[in-house]
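Please look over the chain below before reading on. The report takes its fold, surface, pocket and salt bridges in turn.

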Amino acid sequence: MWEREGRAFSMYKRMPSRDRSDVMDVEENSAFSQDSMDVETTNPSMWLSFPHVVVGTLSSFLFGYHLGVVNEPLESISLDLGFSGNTLAEGLVVSTCLGGALIGSLFSGWIADGVGRRRAFQLCALPMIIGASTSATTKTLAGMLIGRFLVGTGMGIGPSAVALYVTEVSPASVRGTYGSFIQIATCLGLMVALFIGIPVKEFAGWWRICFWVSTIPAGFLAVAMMFCAESPHWLYKQGRIAEAEAEFERLLGGSHVKYAMVELAKLDRGDDADTVKLSELFYGRHFRVVYIGSTLFALQQLSGINAVFYFSSSVFKSAGVPSDVANAFIGVANLSGSIIAMLLMDKLGRKMLLLWSFFGMAISMLVQVAAANTFVSGSASLYLSVGGMLMFVLTFALGAGPVPSLLLPEIFPSRIRAKAMAICMSVHWVINFFVGLLFLRLLEQLGPQLLYSMFASVCMMAVVFVKKNVIETKGKSLQEIEVALLPQE
């Protein structure tokens, strides 16, 4: 076994596309074999990569914050900017972000591959700062929409960048735990936005403060990324071997560098620097993993999670619960599920969490169907509606929420990882947009029983899909996963 790794290590040093002055002498291979045997029995310290992951997940915090920042202040914004009562304009203020996010996500893979993961974060933060400042200072609807669109482009770049970064800088032993930070940060961003929006009815112009606040974490993200490690995987693909080794030392510790470099070398066929064509992502060797990734995001959005978020206020209102309290309940359920997922991700594995999460969501939707049944009494119906909704959010946060954004960068080969993530995130945003656009109309035409039954069916389809197509990645290196899914030619 170790002779094979010694040969792989020699191969990475002889690679013609790399700078020979940056690599070690071949004579070190025999010593490396013994060192690697010792290293493999221990895991790298999680605390070395921890601060880099935390800084990266600030983009997820901003993502959640901007999703929720207009919820409470929307009425005040419409009054101050002169479009009160215009439901189309109010809808545009909310949904313009989605258009920007789609544009950002389409280009996110090319940005991450072109300028690196760290600069991708900075390019994510920049439009968020400019857009939030524009929204905070505008006196017209047009200015608000421009600001929201700019923020949306940053929101589109962020999810791909953070998923790639966390996957590539985390030790395999805690990659699932760190991946859960993305969902937790998003939940915290949503909750902070709702909390900051509470005084909006008491203080004139408070909504402008809500937008200004978001520039602080965005600015910190842009500056802090200057001091964080670049992805060693990206550096290796650029032929910057010495820098990749230096970053591995920062992230894993010196004793794990050689082993990590050998793992990278195993799958290096000398074509990593070649341009990835879109056609490669839709047929041939790469079709299977892109199909799995796109379908997972499609099922995630078609499960009804956004519909539940959109409809939650009216359900709680009918139960006599104020909107701010309802938002707090939803936020706590979401955050609680995300924390549990973080604790279980590297113990039970991604596939197990996905299976039970989608199954729990299906059961929750059936509870909602029961609540809409005319044979159920009024008070029982309200309890079932509220309980089913909270159960749905909790079970979503256990797996269907956090796992896809972690799993997809794990299963995508290094060469196509960034661009494949961009394609899958674009699928996510397109379906998200249409669910938001059509949900209320479908609810009126089909009724809650049939619509929620359809959502439950999608969740059960997701269970079957995950069972048949998703492999377990817990504790495996990215190279081991690539070998399992994409055998070498």
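What follows is a short report on this predicted model.

## Overall fold

The protein is helical: it has 22 helices and 0 strands. It counts 489 residues, and 57% of them are buried.

Contacts reach far along the sequence. Among contacts with a separation of 6 or more, 83% join residues 24 or more positions apart.

## Surface

About 20200 Å² of the protein is exposed. Carbon and sulfur atoms supply 66% of that area.

One nonpolar patch lies on the surface. Its members are Val430, Phe433, Phe434, Leu437, Leu438, Leu442, Leu446, Leu450 and Met454. Together they offer about 730 Å² of accessible area. Leu438 sits in helix 21, which spans residues 417-469. Leu438 has a relative accessible area of 38%. That value falls between the 20% and 50% cut-offs, so Leu438 is classed as partly exposed.

## Second largest pocket

The second largest pocket has a volume of about 540 Å³. It is lined by 28 residues. Closest to its centre are Pro44, Pro171, Ala172, Tyr259 and Ser477.

Several helices give two or more residues to this lining: helix 2 (29-40), helix 8 (141-169), helix 12 (241-252), helix 13 (257-266) and helix 22 (478-485). Which helix gives the largest share of the lining? Helix 13 does, with 4 residues.

## Thr167 in helix 8

Thr167 belongs to helix 8. Is Thr167 buried or exposed? Its relative accessible area is 1%, under the 20% cut-off, so Thr167 is buried.

Leaving out residues up to four places away in sequence, Thr167 touches Arg175, Leu406, Pro409, Glu410 and Leu478.

## Salt bridges

The structure holds 10 salt bridges. One of them pairs Asp113 with Lys419, and the closest N and O atoms are 2.7 Å apart. This pair links distant parts of the chain. Asp113 is in helix 6 (residues 87-115) and Lys419 is in helix 21, 306 residues apart. Both ends are under the 20% cut-off for burial: Asp113 is buried at 12% relative accessible area, and Lys419 is buried at 8%.

Arg240 and Glu243 form another salt bridge, with closest N and O atoms 2.8 Å apart. Here the partners are partly exposed: Arg240 has 32% relative accessibility, and Glu243 has 37%. Arg350 and Asp346 also meet through their side chains in a salt bridge, at 3.0 Å from N to O. Arg350 is buried, as is Asp346. Elsewhere, bridges with shared partners join Asp113, Arg117, Glu168, Lys237, Arg417 and Lys419 into one network.

## Recap

To sum up, the model has 22 helices and 0 strands. Helix 21 holds Leu438, a member of the nonpolar surface patch. Helix 21 also holds Lys419, which is buried and bridged to Asp113. Helix 8 holds the buried Thr167 and gives two or more residues to the lining of the second largest pocket.

How values were computed: Residues are numbered from 1 along each chain as its sequence is written. This is a predicted model: local features need pLDDT of at least 70, side-chain atom pairs count only at pLDDT 80 or more; totals for chains, interfaces and linings use all residues. Side-chain values use heavy atoms; hydrogens and water are left out. Buried means under 20% relative accessible area, exposed over 50%, partly exposed in between (1.4 Å probe, protein chains only). Contact means heavy atoms within 4.5 Å. Accessible areas come from the Shrake-Rupley method with a 1.4 Å probe; for residues, only the protein chains shown count as cover. Patches are made of residues with over 30% relative accessible area and no salt bridge: like charges are joined within 9 Å, nonpolar side chains (Val, Leu, Ile, Met, Phe, Trp, Tyr) within 5 Å. A salt bridge is a side-chain nitrogen of Lys or Arg within 4 Å of a carboxyl oxygen of Asp or Glu. On a 1 Å grid over the protein atoms alone, a cavity is a set of points where a 1.4 Å probe fits but cannot get out, and a pocket is an open set with protein on both sides within 12 Å along at least five of seven lines; lining residues have an atom within 4 Å of a point. Grid points are joined across faces, edges and corners, and a volume is the space filled by probe spheres set on the points.
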